[in-house]
Amino acid sequence: MLITVDPASAQPLADQVAGSVRAALAQGMAAPGDRLPSARNVAATLGINLHTVLRGYQQLRDEGLVELRRGRTAVITATADQFRLRLAAAAEEFARSALRAGASDEEALAAAREALLTLRD
């Protein structure tokens with residue numbers, strides 16, 4: 001699995017590491033039982049601090065998406081909620097598009113509500 005970060009982003013690197021794994025799950029590029037690359041490997045490859053990667057992995061553990069095995073690796077849990085991950089990824093994509101378009105939070109939420117109501121009809 002490829003974990004990526006954007007050092008120029010305002011989003012903290014640990015959040016980007018966790019988000020990269022969530023995106024892989026949502027896109028079906030990772031599945032329960034898959035092992036994540038070691039934190040040392042990710043840190044060395046991306047040129048970031050080991051503890052930053054570990055914070056990202058700990059976020060995923062706290063969300064119930066991975067099991068951290070001390071001295072070994074992180075494994076995606078069988079309870080990873082695919083629906084929630086896909087929904088979160090879709091929501092994030094929408095939010096990014098709305099921000100790029102210059103929409104306020106209220107405008108973006110109103111547009112999302114309108115789209116949901118239209119699709120339900």
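## Burial and Gln16

Buried means under 20% relative accessible area. Gln16 has a relative accessible area of 8%, so Gln16 is buried. The model discussed here is a predicted one.

Gln16 is found in helix H1. Its side chain has a polar partner: a polar atom there lies 2.8 Å from the backbone oxygen of Gln11. Gln11 is also among the residues that Gln16 touches, once residues up to four places away in sequence are left out. The others on that list are Thr4, Val5, Asp6 and Ser9.

## Overall layout

The chain holds 5 helices and 2 strands. Read from the N terminus, the order of elements is α-α-α-β-β-α-α. Along the principal axes, the C-alpha atoms fill a box of roughly 50 × 35 × 20 Å.

The chain has 121 residues, and 27% of them count as buried. Take the contacts in the chain with a separation of 6 or more: residues 24 or more positions apart account for 49% of them.

## Helix H3

Helix H3 covers residues 50–62. At 1.5 Å a residue, its 13 residues should span 18 Å. The end C-alpha atoms of H3 are 18 Å apart, which agrees with that expectation.

Which residues of H3 are buried? They are Thr52, Val53, Gly56, Tyr57 and Leu60. These residues cover an arc of only 140° around the axis, so they sit on the same side of H3. The general rule behind such a pattern is simple. An α-helix has 3.6 residues a turn, so residues three or four places apart point the same way. His51 and Asp62, on the other side of H3, are exposed.

The buried residues of H3 pack against two helices, H1 (13–26) and H2 (39–46). They also pack against strands E1 (66–68) and E2 (74–76).

## The ends of H3

Asn49 caps the N-terminal end of H3. A side-chain oxygen of Asn49 lies 2.6 Å from the backbone nitrogen of His51. His51 is also one of the exposed residues of H3.

Beyond the helix comes the loop between H3 and E1, where Glu63 has its place. Glu63 has a relative accessible area of 33%, so it is partly exposed. Not counting residues up to four places away in sequence, Glu63 touches Arg22 and Arg84. Glu63 and Gln27 are 36 residues apart along the chain, and their C-alpha atoms are separated by 18 Å. Gly64, just after H3, takes a positive phi of about 80°.

## Two loop residues: Pro37 and Thr73

Pro37 lies in the loop between H1 and H2. With a relative accessible area of 22%, Pro37 is partly exposed. Leaving aside neighbours within four places in sequence, Pro37 is in contact with Met1, Ile3, Val42 and Tyr57. Tyr57 is one of the buried residues of H3. Pro37 and Val75 are 38 residues apart in sequence, with 9.3 Å between them in space, C-alpha to C-alpha.

Thr73 is found in the loop between E1 and E2. Is Thr73 buried or exposed? At 14% relative accessibility, Thr73 counts as buried. A polar atom of the Thr73 side chain lies 2.9 Å from the backbone oxygen of Leu36. Thr73 is in contact with Arg35, Leu36, Glu67 and Leu68, leaving aside neighbours within four places in sequence.

## The largest pocket and helix H4

The largest pocket holds about 490 Å³ of space. How many residues line the largest pocket? It is lined by 20 residues. Gly19, Ser20, Ala23, Glu92 and Arg96 lie nearest its centre. H1 and helix H4 (82–100) each supply at least two residues of the lining.

Arg86 is found in helix H4. Its relative accessible area is 46%, so Arg86 is partly exposed. Arg86 and Leu25 are 61 residues apart along the chain, yet their C-alpha atoms are separated by 8.1 Å.

Key:
Residues numbered from 1 in each chain as written. Predicted model: local features only at pLDDT ≥ 70, side-chain atom pairs only at ≥ 80, totals over all residues. Heavy atoms only, no water. Helix = DSSP H or I, 4+ residues; strand = E, 2+ residues; numbered from the N terminus. Expected span 1.5 Å × (residues − 1). Buried < 20%, exposed > 50% of the residue type's maximum accessible area, 1.4 Å probe, protein only. Arc of directions from axis to C-beta. Contact = heavy atoms within 4.5 Å. Polar contact = N/O pair within 3.5 Å; in protein donor to acceptor, adjacent residues only side chain to side chain. 1 Å grid on protein atoms, 1.4 Å probe; cavity = no way out; pocket = protein on both sides within 12 Å on 5 of 7 lines; lining within 4 Å. Points joined across faces, edges and corners; volume = space filled by probe spheres on them.
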